[in-house]
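Thanks for making time this morning. I would like to take you through one model, and I will keep to what can be read from its coordinates.

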Amino acid sequence: MTQVKLPDPEQLALRILRGERAAVASGLNLLDNKLAEARSRSARLLASLSGEHWLDAGHLIGITGPPGAGKSSLVSALIRAWRSSGRSVAVLAVDPSSRPELGGGALLGDRIRIKNSSHDEGLFIRSLANRNQLGGVATEVWPMSWLLLTCFDIVVIETVGVGQTEIDIAEIGDTVCYVAQPASGDTIQYLKSGIIEIPDIFAVNKSDLGAAARKTAAEIARSASRQDRRADWDYPVCLVSAAMSTGIEQFRDHFDRHRSFLTNAGLLGKLRARHQSAWVVRLLKEEFGTFGLELAGGRTAVAERLSKGVLNQFEEYERLRKQILSRFMSVSRPSSPTKKEHPDEQAIV
Amino acid sequence: MISSRKKRDQPWLMRTYSGHSSARASNALYRTNLAKGQTGLSVAFDLPTQTGYDADHPLARGEVGKVGVPISHIGDMDQLFDQIPLDQMNTSMTINATAAWLLSLYIGLAQRRGIDPRKLSGTTQNDIIKEYLSRGTYIYPPGPSMRLIADTINYTVRHVPKWNPTNICSYHLQEAGATPVQELAYALCTAMAVLDTVKASGEIEVAAFPQVVERISFFVNAGMRFVEECCKLRAFGEMWDELTATRYQVDDPKLRRFRYGVQVNSLGLTEPQPENNVQRIVLEMLAVVLSRRARARAIQLPAWNEAMGLPRPWDQQWALRMQQVMAFETDLLEYEDILDGSPVIAAKVADLIEGAKKEIEKVEEQGGIIAAIESGYIKRELVGSHMHRLRAIESGDLQIIGVNCFQETAESPLTGGTDGAIMKIDPAAERGQIERLQAHRKSRNDADVRAALQGLADAAKTGENIMPSSIRCALAGVSTGEWGDTLRAVFGEFRPPTGIDIAIDSRQVLGQKDLVAELRERVADTGSALGRPLKLLVGKPGLDGHSNGAEQVAVKARDVGFEVVYDGIRLTPQQIAQAAEEEGVHLVGLSILSGSHMELAGAVLRELHARDLGNLPVIAGGIIPPEDAERLKALGVRAVYTPKDFNLNAIMVDMVDVIRECNGLQRLGPRP
Ligand code: B12
Ligand SMILES: Nc1nc2c(ncn2[C@@H]2O[C@H](COP(=O)(O)OP(=O)(O)OP(=O)(O)O)[C@@H](O)[C@H]2O)c(=O)[nH]1
Ligand SMILES: [Mg+2]
């Protein structure tokens, strides 16, 4: 095959934990890499990075909402607020516009909208194309966000919320914020139909547009109240304007408040452990199909097994992978399934 | 037969767009140009002056005195017009975001020389709107930019009545790929936005408003399709007449005349067989002089070596002589309009008007030109049009002699010289300018400067007209960077949409599906071999605003399967290196047309090195003379592309190979 140079994962982990930007970048590249060798190194990297901090460090925030609602502009405004209080920020911007089914690549345009012009080493932005044909957050986003959590105070994931994707973001972030477009019925429709799980924070952006924004905020507040919600969290609906920089301080405070809420209620660690298991299950399913998952004992059993090894999901993942692979061999021999070892090929046998 | 001279029309103003190195060197050039029969001046400023930075600002590094003259304060302005009587000269300044400032320096200088500003005549380009769409020397957000335009109009109408405070530009739109219809539509939308803003400011009495309308002039382009271009100018005249009569109730038809200056199309001027550009330029000029009722008031022409680099005095002289031959040797100026009454011309004009009206309606529906710029709509339309033009050249549908056909050529004696047949700016010019600026800062009265800047900041905040306080700044010895920064602090800065996010599925691939399909395969296969899809960063370092190349490379790369990061123009080498690191790209492609490629590419390589990315391949494109291309490669740049590499598909093939080679994979070579 190729002589692609891949970094030594254990070394890399040390450098990442020291917060070296070059190592962070190289770690993200590794996690994004689909070569079989890279996959196993990724698992080693994650294993070396994992530890207690993974359950309580930093704050992982998901920002979602319809195209053009102003997610990037709001993230940019939040970054200004966070950076001025000295907190470091990493952003994973998942590009909505890529259409892999059309054969083309992607233009990753969010960066320019998030970044202000000044140079800042306390801010790290990685844009990702949404390479998944069906929409939704690319699986790489999960481990990438965990890597970033080991060395940034705040990690933000921006994704476009259409249809199914909100569910994904809810399975990743500690705090999920939905940015709504004024005078668009989408949000309310989704809420009513239950397509979106209720986000922890609602923002109605473009409050500078006046009445339309206020009306939308009021409608959301009404519809959201009919959903199932946690009794002890208030699900704030904020009126903000990224353009005029109004309401940003309170908006930011809600994120802090939500994180405190999660820690105080003892939910943060549990939430993260659950998200990590969900990712492992999803990855195994992507790689080996439902059938593969069955070979490892089925989704529930796998999830259960993972929930026990809270601190090291990734070693567990590697073990499960090997287990499935060896079962595959015995099930389907002699038709040389090893050829399918390239995990990218989604061996749904 | 030689006709009697007295019946001839006056020729248009003849100018040469020029300026370089320093105020002193440019002054010498202007005086020789005037001696050669040039009848007006057209000042080219350097990029730091155009973007409101002092010569010693980090962003100015490598750009001072390069593509124009650096003007840092009133002393420079004085030097620039040394022995040139301001009250007798017609001076055009290509200045936009800092137009109010340069005009203040000019007025301040006149006052210092005891000349009544009412006698000054000339033009400040001052169309900041098209800067967001094409020209790239914007600073402030659209709101404050509109206000700066309105302030200069309100001021000059009362105090410098012979001045053209703004030149609404469609020229630059065509240079960014616009079709004639787009040129008509967007320029007229801009004019409406400007007039509406002036009207809303309430500074002008209703009765005096027609005078404001009369002061609005235009700066237009003319390309190779000269019949259509001539019709476009007639269309402009008709539409302006109608618009000013109906929307602004200007009753006097004289005040409704469409007054315009021209620079002819340069986008189509070629690097291969550059002598052919002479024919092109002459034919393009024909479009703007042929029809008497739609004739240009002022013309400046590019030079034959346009696509190679900056013109030398001799190259500019040649361009001036083209105008003189047209005006003085031909019988053109002896007739009434020779196109009136032609049904073919009338039909074409009607056609253009209809198209433009439709597009104007579209923009108005979106809330006007500012909204359509902020949303990215217009920029996307322009990028789309330019893409179609390039694809037509690639496919051969649009023939460009010497480029995609008739490429064979004898050796040219024109390009044989030792100077590369272009103007080279002495790198010492920057140092000289910085030294003079620093000496100037020491020599002025600091208290006056502080008070003047405070006055400027106050005016910016309260909404008071910006001109009086700017003129006070000029007289106090304030510098260009200080003026720019004071307003930055009040107005903030702005980065417009890049327009490259045109929908992939709305574009036909020109019946060349096979080509693109094969390329996509190469890109995809190489990505799989490396483990992740190929990711490209297109970077525009420095103050250079030429975005066409970067945009088209980005759009094409996306089309063939790259994941593309492009953050727009005017980034520092540090920002580009940081983006390359954060984004984990496989290749960095720099686009540099300002002539600062040696400094800027070198700086990007150093920044990458400092980030452990010494092995990340970097390529560069733009206006890069052959010997500089070699020097860049010696620095570590893997490949260099210039306008002769018109085939973007071939560039893509090459880019994939550069990535392959740097990652230990075999090159795939040119397509069979
Ligand atoms: C169009 C144009 C403009 C337009 C730009 C519109 C826009 N948004 O891009 C306008 C009218 C606004 C403009 C303005 C100016 N211009 Co101008 N402009 C040109 C012109 C005519 C064509 C450039 C172009 O767009 N070509 C089409 C594109 C597709 O080609 P390209 O960029 O060369 O790209 C090709 C290759 O070079 C390569 N490539 C380029 N970049 C990259 C990047 C990568 C990654 C790769 C792989 C390949 C690649 O691939 C492309 C495909 O073939 C050139 C002269 C010429 N004919 O080349 C002058 C020219 C570049 N301009 C020049 C100047 C001086 C200016 C001004 C600075 C003048 C002034 N003093 O104000 C202004 C200010 C602009 C600014 N803000 O910086 C000079 C530069 C002189 C120098 N380098 O020494 C030139 C050379 C003209 C001249 N001879 O004087 N300009
Ligand atoms: N009036 C107004 N416009 C805004 C505001 N915030 C953002 N916008 C505009 O809305 C548009 C979209 O903003 P983005 O921040 O790019 O929105 P997004 O949700 O990230 O968009 P995608 O990533 O493309 O889905 C831009 O034109 C912004 O200028 C705001 O507070 N008020
Ligand atoms: Mg966005």
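I will go through chain A, the two ligand sites, a helix pair and then a few single residues.

Please keep in mind throughout that what you see is a predicted model.

Let me begin with chain A, for which the assignment gives 14 helices and eight strands. Of the 349 residues in this chain, 56% are buried, and if we take the contacts between residues at least 6 apart in sequence, 77% of them join residues at least 24 apart.

One residue of chain A deserves a short stop, and that is A:Ser245, which sits in the loop between β8 (237-239) and α11 (248-264). Its phi is near 60 degrees, a positive value in a residue other than glycine. To put that in context, most residues other than glycine have a negative phi. As for its surroundings, A:Ser245 counts as partly exposed, because its relative accessibility is 43%, which falls between the limits of 20% and 50%.

Now to the ligands, and I will take ligand 2 before ligand 1. Which residues come nearest to ligand 2? Of the 20 residues around it, those are A:Lys71, A:Ser72, A:Ser73, A:Arg113 and A:Asp208. Although these five carry the letter of chain A, the residues that surround ligand 2 come from chains A and B, so the site is shared between chains. Looking at individual atom pairs, an N or O atom in the side chain of A:Ser73 is 2.5 Å from an oxygen atom of ligand 2, a polar side-chain atom of A:Lys206 lies 3.0 Å from an oxygen atom of the ligand, and for A:Gly68 a backbone N or O atom lies 3.1 Å from a ligand oxygen.

Ligand 1 is surrounded by 45 residues, and the closest are B:Glu306, B:Gly309, B:Gly545, B:His546 and B:Asp645. By residue class, this shell divides into 22 nonpolar, 18 polar and five charged. Several elements of chain B each supply at least two residues of the shell, among them α2 (47-50), α21 (548-559), β14 (618-622) and α25. Of the polar atoms here, an N or O atom in the side chain of B:Gln50 is 2.9 Å from an oxygen atom of ligand 1, while a backbone N or O atom of B:Gly622 lies 3.2 Å from a ligand oxygen. With B:Gly595 the partner is a nitrogen atom of ligand 1, which is 3.2 Å from a polar backbone atom of that residue.

Since α25 has just come up, let us stay with that helix, which covers residues 648-662 of chain B and includes B:Leu648. Is B:Leu648 buried or exposed? It is buried, because its relative accessible area is 9%, against a limit of 20%. Beyond its sequence neighbours, B:Leu648 touches B:Leu390, B:Glu394, B:Gln552, B:Val553 and B:Lys556. The last of these, B:Lys556, is 92 residues away in sequence, yet the two C-alpha atoms are 7.1 Å apart.

Next comes the helix pair. Two packed helices are described by the angle between their axes and the distance between the axes. For α17 (residues 446-462) and α19 (residues 480-491) of chain B, the angle is about 35 degrees and the axes are 9 Å apart, and the crossing is right-handed. From α17 the contact includes B:Leu453, B:Leu456 and B:Ala460, and from α19 it includes B:Trp483, B:Leu487 and B:Phe491. Taken together, the residues of this contact divide into nine nonpolar, one polar and two charged.

A residue from another helix touches members of this pair, namely B:Arg147, which lies in α6 (residues 142-159). Its contacts include B:Ala460 and B:Phe491, along with B:Gly463 and B:Glu464. Although arginine is a charged residue, B:Arg147 counts as buried, because its relative accessibility is 16%.

Finally, B:Phe406, in the loop between α15 (377-395) and α16 (428-443) of chain B, also has a positive phi, near 45 degrees. B:Phe406 is exposed, because its relative accessible area is 51%, and the limit is 50%.

That is where I will stop, and I am glad to take questions.

Terms used. Residues are numbered from 1 along each chain as its sequence is written. Chains are lettered from A and ligands numbered from 1 in the order in which they are written. This is a predicted model: local features need pLDDT of at least 70, side-chain atom pairs count only at pLDDT 80 or more; totals for chains, interfaces and linings use all residues. Side-chain values use heavy atoms; hydrogens and water are left out. Helices (H or I, at least four residues) and strands (E, at least two) are DSSP runs, numbered from the N terminus. Buried means under 20% relative accessible area, exposed over 50%, partly exposed in between (1.4 Å probe, protein chains only). Contact means heavy atoms within 4.5 Å. Axes are lines fitted to C-alpha atoms, for helices over the stretch in contact, and angles run from 0 to 180 degrees between N-to-C directions. A crossing is left-handed if the near helix is turned anticlockwise from the far one by less than a right angle, and right-handed if clockwise. A residue is near a molecule or strand if one of its heavy atoms lies within 4 Å of it. A polar contact is a pair of N or O atoms within 3.5 Å; within protein, one must be able to donate a hydrogen and the other to accept it, and residues adjacent in sequence count only if both atoms are side-chain atoms. Lists of a residue's contacts leave out its neighbours within four places in sequence.
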